[in-house]
Amino acid sequence: MNDKAWGMIGLCARAGQVVSGESGCEVAVRGGQAALVLLDGDAAPNLHKRFSDACAFRQVPLYMLEAGRLGQAIGKPERMVVAIKPGAMALKLQRLL
């Protein structure tokens, strides 16, 4: 993944377009408030399965990212999953990914 995409993830976080954490992202996906979901490469297999099933059912794109960098990009180092809210920023990020 290129630096522009990592920068865009950080910009989305600063703009308030990010829902982070397992429970918050799950609510966003189920409620139709997620344009795409980003999953850290270090995420546990059960977390990966839970979000891959939820995203497939609701037709939300799911992207696996480089291990250990997702939390760093949004300024919350322990996060393994992030949902991007619908809008222009999500479309731009999706093009970069």
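**Sheet and helix packing in the predicted model**

In this predicted model, strand β2, spanning residues 36-40, pairs in the parallel sense with strand β3, spanning residues 62-65, and the pairing extends over 4 bridges. Between these two strands the chain passes through helix α3, residues 45-58, and the resulting β-α-β crossover is right-handed. Two residues of β2 illustrate the register of the pairing. Val-37 has Leu-62 of β3 as its bridge partner, and Leu-39 is matched in β3 by Met-64.

The pair β2 and β3 belongs to an open sheet of 4 strands, arranged in the order β1-β4-β2-β3. Strands of a sheet pair through backbone hydrogen bonds, in either the parallel or the antiparallel sense. Here the pairing is mixed. The edges of the sheet are occupied by β1, residues 18-20, and by β3; each has a single partner strand, so one side of each is left without a neighbour in the sheet. From one strand to the next, the twist averages 25°.

Helices α1 and α5 both lie against this sheet. Helix α1 packs on the sheet and touches β1, β2, β3 and β4, the last of these comprising residues 81-84. The direction of α1 makes an angle of about 90° with that of β1. Helix α5 lies across β2, β3 and β4, and runs at about 50° to β2.

The packing of helices on one another was examined next. Two packed helices are described by the angle between their axes and by the distance between those axes. Helix α1, residues 3-14, packs with helix α5, residues 88-96, at an angle of about 160°, the axes being 9 Å apart. Because angles over 145 degrees count as roughly antiparallel, α1 is roughly antiparallel to α5. The crossing in which α1 passes α5 is left-handed. On the α1 side, the contact is formed by Lys-4, Ala-5, Met-8, Ile-9, Leu-11 and Cys-12; α5 contributes Met-89, Lys-92, Leu-93 and Leu-96. By class, the contact of α1 with α5 comprises 8 nonpolar and 2 charged residues, with no polar residues.

A second helix pair is formed by α2, residues 22-30, and α3, whose axes come within 10 Å of each other and cross at roughly 15°. Since angles under 35 degrees count as roughly parallel, α2 is roughly parallel to α3. The crossing of α2 and α3 is left-handed. Helix α2 takes part in the contact through Glu-22, Cys-25, Glu-26, Val-29 and Arg-30, whereas the participating residues of α3 are Leu-47, Arg-50, Phe-51, Ala-54, Cys-55 and Arg-58. The contact of α2 with α3 divides into 6 nonpolar and 5 charged residues, and no polar residues are present.

Terms used
Residues numbered from 1 in each chain as written. Predicted model: local features only at pLDDT ≥ 70, side-chain atom pairs only at ≥ 80, totals over all residues. Heavy atoms only, no water. Pairing = 2+ DSSP bridges. Right-handed = clockwise from strand over helix to strand, strands pointing away. Axes fitted to C-alpha atoms, helices over the stretch in contact; angles between N-to-C directions. Parallel < 35°, antiparallel > 145°, perpendicular 65-115°, else oblique. Left-handed = near helix turned anticlockwise from the far one by under 90°. Contact = heavy atoms within 4.5 Å. Nonpolar A, V, L, I, M, F, W, Y, C, P; charged D, E, K, R; others polar.
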